[in-house]
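Biologist: I'd like to learn how to read the contacts around a bound molecule. Can you walk me through a case?

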Amino acid sequence: MRDAIGVHVRGVSHKFAGANVIDHADVQVKPGGFLAIVGDSGGGKTTLLRLIGGLIAPSSGEIVFTAGGESDSQSDHAPRGQSALAAAQANAISFCFQEGRLLPWRNVLQNVALPLELNGVSAQERHTAAREMLAKMQLSDSEHKMPAQLSGGMRMRVAMARALVTRPKLLLLDEPFGALDEVTRLALDEELRQLWQQTGTTAILVTHSIQEAVSLAQQVVVMRGKPGRILPAIVIDVPKDAAHRTSMPFVALCERVYQQMTLPTNEVVKVTR
Ligand SMILES: Nc1ncnc2c1ncn2[C@@H]1O[C@H](COP(=O)(O)OP(=O)(O)O)[C@@H](O)[C@H]1O
Ligand SMILES: [Mg+2]
């Protein structure tokens, strides 16, 4: 398995224009782990993902990345002297968003190859790598299609292929399947689980769906209130077999997440302080 990176969010608070949106967030995911974050709308989930991805810096606290027992508060970079493809594939972190955010004027292959193109990878190498990802997502027949010709589910699969083409060590997913119908969503959940297992990447998924969180993650945290606070993590220890979504332990874990999501605000403050 490739060297995934772990993430340790330590006492992170964040303010936008003086207003606190995240209050003392503490959460940890080990290399190759799968963490799901669920919670109130406006509770700071997207902001937390942006902080972890390094798009913004926390007002206080720190985000530490761990790999092979070592810690580094920067994401690691490719050593000098390697090929552009290897350097692009050393890119540590990828994002995947709800709308997919495909470029409408580029076809499927060009969209998936984009992160490699931005890293200066040659056309031949980036198209080979993109075609490999498209094959994994059963999208080989669609490489010449434009985003407007695709269903919502296919667009999200293209977006996942694009997020994974750099072989990230950490994959950040912000409500990726939130706009899809339930049947498509269940299929994509299963594809995401398989990709996570095959690639060995660390995954952090923000989702509105308790079932999706419990079904995919090894650990679920609930983020509540304004400013957003993180409740104690719930460890998901049910086997992920085909029937797990209807098993008693699965339903009991969903119930625990639901209890945290509906906990009165004064209780949230007590358990997080
Ligand atoms: N760039 C920004 N500037 C100012 N306020 C922001 C910005 N991004 C998010 N916020 C505010 O921070 C809070 C948390 O937002 P967000 O992280 O998007 O929550 P969630 O993803 O849980 O719905 C909201 O009140 C939102 O309005
Ligand atoms: Mg959000």
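Modeller: Sure. A polar contact is a pair of N or O atoms within 3.5 Å; within protein, one must be able to donate a hydrogen and the other to accept it, and residues adjacent in sequence count only if both atoms are side-chain atoms. Here, a polar side-chain atom of threonine 46 sits 2.9 Å from an oxygen atom of ligand 1. This is a predicted model, where local features need pLDDT of at least 70, side-chain atom pairs count only at pLDDT 80 or more, and totals for chains, interfaces and linings use all residues. Residues are numbered from 1 along each chain as written, chains are lettered from A and ligands numbered from 1 in written order, and side-chain values use heavy atoms, without hydrogens and water.

Biologist: What lies 2.8 Å from an oxygen atom of ligand 1?

Modeller: An N or O atom in the side chain of lysine 45. Glycine 42 joins in through its backbone, with a polar atom 2.7 Å from an oxygen atom of the ligand.

Biologist: Which residues are around ligand 1?

Modeller: We count a residue as near if one of its heavy atoms lies within 4 Å. That gives Phe16, Val21, Asp40, Ser41, Gly42, Gly43, Gly44, Lys45, Thr46 and Thr47. Helices are DSSP runs (H or I, at least four residues), numbered from the N terminus. Helix α1 (residues 45–52) gives the most to this shell, with three residues.

Biologist: How much of ligand 1 does the protein cover?

Modeller: Accessible areas come from the Shrake-Rupley method with a 1.4 Å probe. The protein covers 59% of the 560 Å² that ligand 1 has on its own.

Key. Helix = DSSP H or I, 4+ residues; strand = E, 2+ residues; numbered from the N terminus.
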